[in-house]
Amino acid sequence: MNNPKPQVLVGVVPGTAATVVEAAAGLADDLGADLVCATVDASSEKVEQRPDGTVVSAPINPDLPFTETEEFDPRLRAEIAGVMDPLPVKWSVRALAGGPAQELARLADQLDAALIVVGSRESGFRGSVEEFFTGSLSVQLSHRQHRPVVIVPRKPVLDDGLLPWEQVKDPSGG
């Protein structure tokens, strides 16, 4: 019996996918694996997953219109294609809905992925607020499943720079 080709799962978000996908593609190539690029719409919840992998979702906010299926953002797909098309690694995309850590872990189980690759959080105010409310994706993943989680630095801090959690707060309270 032939063993299926290994899979590397990478979580992608618009605007920062290139760095993370490039690193994940290198790992996939080293492992002789295919790369599955997944994005998760946290503003929707999964209602059903069809046998073909299509996700039916509903918005968490009841005032938003119902979308029957999650579709992969064409701009994000183009960003990924710009990195992947010249490379020898076979790749695909998946659009998911729900909590990012839970959905990436669930997809990793379905794929029997060798590992999961994610980007580090964005530094600055927006990243800090996002992490306060949602927690670190990489930390959540490391506690929700058994696969290795590889974190790709999106904006590394220089040796003498402040780390995201060391950012100076405005003394005026603003």
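**Exercise 1: Placing S138**

Decide from its relative accessibility whether S138 counts as buried or exposed, and then find which residues distant in sequence it touches.

Solution. At 14% relative accessibility S138 counts as buried, where buried means under 20% relative accessible area, exposed over 50% and partly exposed in between, with a 1.4 Å probe and protein chains only. This is a predicted model, in which local features need pLDDT of at least 70 and side-chain atom pairs count only at pLDDT 80 or more, while totals for chains, interfaces and linings use all residues. Residues are numbered from 1 along each chain as its sequence is written, and side-chain values use heavy atoms, with hydrogens and water left out.

The next step is to locate the residue: S138 belongs to helix α5, helices (H or I, at least four residues) and strands (E, at least two) being DSSP runs numbered from the N terminus. Once residues up to four places away in sequence are set aside, S138 touches V118, V149 and I151, a contact being heavy atoms within 4.5 Å. Finally, S138 and A101, 37 residues apart in sequence, have C-alpha atoms 7.9 Å apart in space.

**Exercise 2: The chain as a whole**

State how many helices and strands the protein chain has, and in what order its elements run.

Solution. The chain contains five helices and seven strands, and from the N terminus on they follow the order β-α-β-β-β-α-β-α-β-α-α-β. Of its 174 residues, 36% count as buried. Turning to contacts between residues at least 6 apart in sequence, 68% of them join residues at least 24 apart. The exposed area is about 10,700 Å², of which carbon and sulfur atoms supply 54%, as computed by the Shrake-Rupley method with a 1.4 Å probe, only the protein chains shown counting as cover for residues.

**Exercise 3: The nonpolar cores**

Identify the residues with the most contacts inside the largest nonpolar core, and name the element that gives this core its largest share.

Solution. A nonpolar core is a set of buried Ala, Val, Leu, Ile, Met, Phe, Trp, Tyr and Cys residues joined through side-chain atoms within 4.5 Å. The largest one has 24 residues, and those with the most contacts inside it are V10, V12, V21, L35, I80, M84 and V117. Two or more residues each are given to this core by β1 (7–11), α1 (17–31), β2 (34–41), α2 (74–84), β5 (91–97) and β6 (115–119), and the largest share, six residues, is that of α1.

V12 serves as an example: apart from neighbours within four places in sequence, V12 is in contact with A17, V21, C37, A38, T39, F72, L76 and I80. A second, separate core comprises 15 residues, among them L9, L107, L111 and L141.

**Exercise 4: Two helices that meet**

Work out at what angle the axes of α1 and α2 cross, and which residues of the two helices meet.

Solution. The axes come within 9 Å and cross at roughly 45°; they are lines fitted to C-alpha atoms, for helices over the stretch in contact, with angles from 0 to 180 degrees between N-to-C directions. That angle makes α1 oblique to α2, since under 35 degrees counts as roughly parallel, over 145 as roughly antiparallel, 65 to 115 as roughly perpendicular and the rest as oblique. On the α1 side A17, A18, V21, E22 and A25 take part, and they meet L76, E79, I80, V83 and M84 in α2.

**Exercise 5: R147 and D112**

Establish whether R147 is buried or exposed, and do likewise for D112.

Solution. R147 lies in the loop between α5 and β7 (149–152) and is buried, its relative accessible area being 7%. With neighbours within four places in sequence left aside, R147 is in contact with A108, D109, D112, A113, A114, L115 and I116. D112, which appears among these contacts, sits in the loop between α3 (100–111) and β6 and counts as exposed at 58% relative accessibility. Although D112 is not a glycine, it has a positive phi of about 50°.
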